[in-house]
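Work through the exercises below with the sequence and the model open beside the text. Try each task before reading its solution.

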Amino acid sequence: MKGKHFYSHLIEIHEIYLSVSEMELKDEERNHLLSLAEANIHATVINTVLPKLSEEDKKVFLKNLVANNHEETWKHLLSNARDIEAKIHQSLKDLKKELLKDIEEAKKS
């Protein structure tokens, strides 16, 4: 991913990059597609995390997230959201599977 995120250790996206690189695309199109995949990954994590936090904890989480304070973001989540690592991991696993399937379908057309 372009930047390190607090959840980077929970997803390996090399397969996505490799699969996209095999597509017959211009560099600009390939970069745009990878950027969309990364945005989708980020949105999936946020959508997994926010419902598990109280209103006050959401504010702290978002403050740390915007500040790119990955260590504090992760500590906060682990102490305030039950089983959050497993939930994020499963969401990302499901998304990665879906993204790879979509890429493979796009290659066929």
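The exercises go from the whole chain to single residues, and the model they use is a predicted one.

**Exercise 1. The chain as a whole**

Task: Find how many helices and strands there are in the chain, and in which order the elements run from the N terminus on.

Solution:
- Step 1. Count the elements: the chain has five helices and zero strands.
- Step 2. Read from the N terminus on, and the order is α-α-α-α-α.
- Step 3. Add the extent: the C-alpha trace spans about 45 × 25 × 20 Å along its principal axes.
- Step 4. Turn to burial: 35% of the 109 residues count as buried.
- Step 5. Take the surface: about 7,200 Å² is exposed by the chain, with 51% of it supplied by carbon and sulfur atoms.
- Step 6. Take the contacts with a separation of 6 or more: residues 24 or more positions apart account for 64% of them.

**Exercise 2. Two helices that cross**

Task: Describe how α2 and α5 cross, and state which residues meet there.

Solution:
- Step 1. Start with the axes of α2 and α5, which come within 9 Å and cross at roughly 145°.
- Step 2. Assign the hand: this crossing of α2 and α5 is right-handed.
- Step 3. List the residues on each side: α2 brings A37, N40, I41, T44, V45, T48 and V49, while α5 brings I84, K87, I88, S91, L92, L95 and L99.
- Step 4. Sort the contact of α2 with α5 by class: nine residues are nonpolar, four are polar and one is charged.

**Exercise 3. Salt bridges**

Task: State how many salt bridges a search of the whole structure finds, and work out which parts K107 and E22 tie together.

Solution:
- Step 1. The search of the whole structure gives eight salt bridges.
- Step 2. One of them pairs K107 with E22, whose closest N and O atoms are 2.6 Å apart.
- Step 3. Locate both partners: K107 is in helix α5 (residues 84–108), and E22 is in the loop between α1 (14–21) and α2 (27–49), so this pair ties together parts 85 residues apart in sequence.
- Step 4. Check exposure: K107 has a relative accessible area of 27% and is partly exposed.
- Step 5. Take a second pair, E55 and K58, where the N to O distance of the salt bridge is 3.2 Å. E55 and K58 are three residues apart in helix α3 (residues 55–66), so about one helical turn separates them.
- Step 6. Compare with the cut-offs of over 50% for exposed and 20% as the upper limit for buried. E55, at 55% relative accessibility, is therefore exposed, and K58, at 22%, is partly exposed.
- Step 7. Look for shared partners: salt bridges join E22, E104 and K107 into one network.

**Exercise 4. Positive phi**

Task: For N68 and D83, state where each lies and what its phi is.

Solution:
- Step 1. N68 sits in the loop between α3 and α4 (70–80).
- Step 2. Its phi is positive, about 55°, although N68 is not a glycine.
- Step 3. N68 is exposed, and its relative accessible area is 53%.
- Step 4. D83 belongs to the loop between α4 and α5, and its phi is also positive, near 55°, in a residue other than glycine.
- Step 5. The side chain of D83 meets that of R82 in a salt bridge, at 4.0 Å from N to O. R82 counts as exposed, with 70% relative accessibility.

Technical notes. Residues numbered from 1 in each chain as written. Predicted model: local features only at pLDDT ≥ 70, side-chain atom pairs only at ≥ 80, totals over all residues. Heavy atoms only, no water. Helix = DSSP H or I, 4+ residues; strand = E, 2+ residues; numbered from the N terminus. Buried < 20%, exposed > 50% of the residue type's maximum accessible area, 1.4 Å probe, protein only. Axes fitted to C-alpha atoms, helices over the stretch in contact; angles between N-to-C directions. Left-handed = near helix turned anticlockwise from the far one by under 90°. Contact = heavy atoms within 4.5 Å. Nonpolar A, V, L, I, M, F, W, Y, C, P; charged D, E, K, R; others polar. Areas by Shrake-Rupley, 256 points an atom, 1.4 Å probe, with all protein chains shown as cover.
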